[in-house]
Amino acid sequence: MSQAEKVTLTGVSETALLTLNARAVEARRSDGILEDPLAITLADSIDYDFSKFGPTRQDIALRALAFDDQTRRFLRQHPTGTVVALAEGLQTSYWRVSAGVPDTGFRWLTVDLPPIVEIRSRLLPAAPKISVCAQSALDYSWMDRVDPDNGVFISAEGLLMYLQPEQSLGLIQECARRFPGGRMLFDVPPPWMAAVIRRGVRTSLRYKAPPMPFNLSVSEAADLVNTMPGIRAVRDLPMPAGRGLLFNTLLSAAYRLRFLDPLRPSLTLLEFG
C-alpha cells in the first residue's frame, strides 16, 4: 500500500474528515449498515489522527444512506439529469450511487472549496461524469454550469447548518428560482439544540465541531412552501433504519409520535415549481 498523505483542514472543512471517518468505520464493521469500500480506501490513504474526533456514531452513515436513496430515485426518473453535490467534502456518494443506477448520461457537479477539491483530485479516482467547481456554494456562479433541461437534484448534505440563516435561506431561494422542476435535499438540526450548537459541539476532549447557526424545526421546514417563492412541495423524510433494536425503536417513535417532531432533526426534500 502506498504511503498515506498528510492532510490539513480547519474549521468547517475539517468536518469532511469527521464524516469520512464515521463512514469508513461503519463500512469496516461486519454488521455495518453502509457499504462504502472507497471510504475505507480514502481514509487509509490519509495521514490524519482520526481518533481526535472521538467515538463514531451510525447516524452519519444513515444520513448518507438517506441522501443516496433520494439521489438514486431522482436518477431513475431523470436518467440524463444533473446531480449537484454542494460542499461535497470527502463524500464518496457518486461511486455508491452510480453502482445502483443504470449507466446513463447523468452528470455530477461537485461544488466545494479549493482545499477540499485538491484533496479529492489527488486521492479519489477520476470519473468522466464528474465536473468540479472549486468555490463556495454561496458563490452562485456554479449554477451557470448546470443544465436544467433534464432535471436537477441538489444535495446539501451537512451544509446548511454551518451557514448563517440568511445565507442558507438565500441559497434555497436562489436554487428554487434558477431550477424550476428541480429538487433539493438538506438536513438541519432542530431549534431546541440552538443554544448548544451555536457554540459548537465537543465530540471529544480534543475536538470541538464548528458552530451551527442555522436550524429548522420540522414544521418550519414544511412552512417553506408558504413563505418562499418557487417551492412547490416540501417532504419530511424519515431516516432509514439503523443497527440495534433500541436504536430503531427510538428512531421509529421519533417519526411516529408527532409530538416528538420538534425534538428531532429534519431531513427535508424540496420540490421546486
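**Arg120, helix 5 and two spaces in the fold**

The side chain of Arg120 comes within reach of the backbone oxygen of Gln91, at 2.9 Å. Keep in mind that this is a predicted model. Arg120 is a handy place to begin a tour, since this residue belongs to helix 5 and also helps to line the second largest pocket. Gln91, its partner, is one of the residues nearest the centre of the largest cavity.

**Arg120 and its surroundings**

- Arg120 has a relative accessibility of 8%, and because buried means under 20%, the residue counts as buried.
- Setting aside neighbours within four places in sequence, the contacts of Arg120 are Glu88, Gly89, Leu90, Gln91, Trp95 and Thr110.
- Two of these names, Trp95 and Thr110, come up again in the lining of the second largest pocket.

**Helix 5**

- Helix 5 covers residues 114-123, and its buried residues are Ile116, Val117, Ile119, Arg120 and Leu123.
- Looking down the axis of helix 5, you would find these buried residues within an arc of 160 degrees, so they line one face of the helix.

**The second largest pocket**

- This pocket has a volume of about 190 Å³.
- Its lining is made up of Trp95, Thr110, Val117, Arg120, Ser121, Leu124, Pro125, Ala126, Ala127, Ile130 and Val132.
- Helix 5 and strand 5 (130-134) are the elements that give two or more residues to that lining.
- Helix 5 supplies the largest share, with three residues.
- By type, the lining of the second largest pocket has eight nonpolar residues, two polar and one charged.
- Val117 and Arg120 are among the lining residues, and both are also listed as buried in helix 5.

**The largest cavity**

- How many cavities of 30 Å³ or more are there? The count comes to one.
- The largest cavity holds about 120 Å³ of space.
- Around the largest cavity are 13 lining residues, with Ala85, Gln91, Ser93, Ser155 and Glu157 lying nearest its centre.
- Helix 3 (58-77) and strand 3 (82-86) are the elements that each give two or more residues to this lining.
- The lining of the largest cavity divides into six nonpolar, four polar and three charged residues.
- For general background, empty space shows up when a probe the size of a water molecule is rolled over the atoms.

Notes:
Residues numbered from 1 in each chain as written. Predicted model: local features only at pLDDT ≥ 70, side-chain atom pairs only at ≥ 80, totals over all residues. Heavy atoms only, no water. Buried < 20%, exposed > 50% of the residue type's maximum accessible area, 1.4 Å probe, protein only. Helix = DSSP H or I, 4+ residues; strand = E, 2+ residues; numbered from the N terminus. Arc of directions from axis to C-beta. 1 Å grid on protein atoms, 1.4 Å probe; cavity = no way out; pocket = protein on both sides within 12 Å on 5 of 7 lines; lining within 4 Å. Points joined across faces, edges and corners; volume = space filled by probe spheres on them. Nonpolar A, V, L, I, M, F, W, Y, C, P; charged D, E, K, R; others polar. Polar contact = N/O pair within 3.5 Å; in protein donor to acceptor, adjacent residues only side chain to side chain. Contact = heavy atoms within 4.5 Å.
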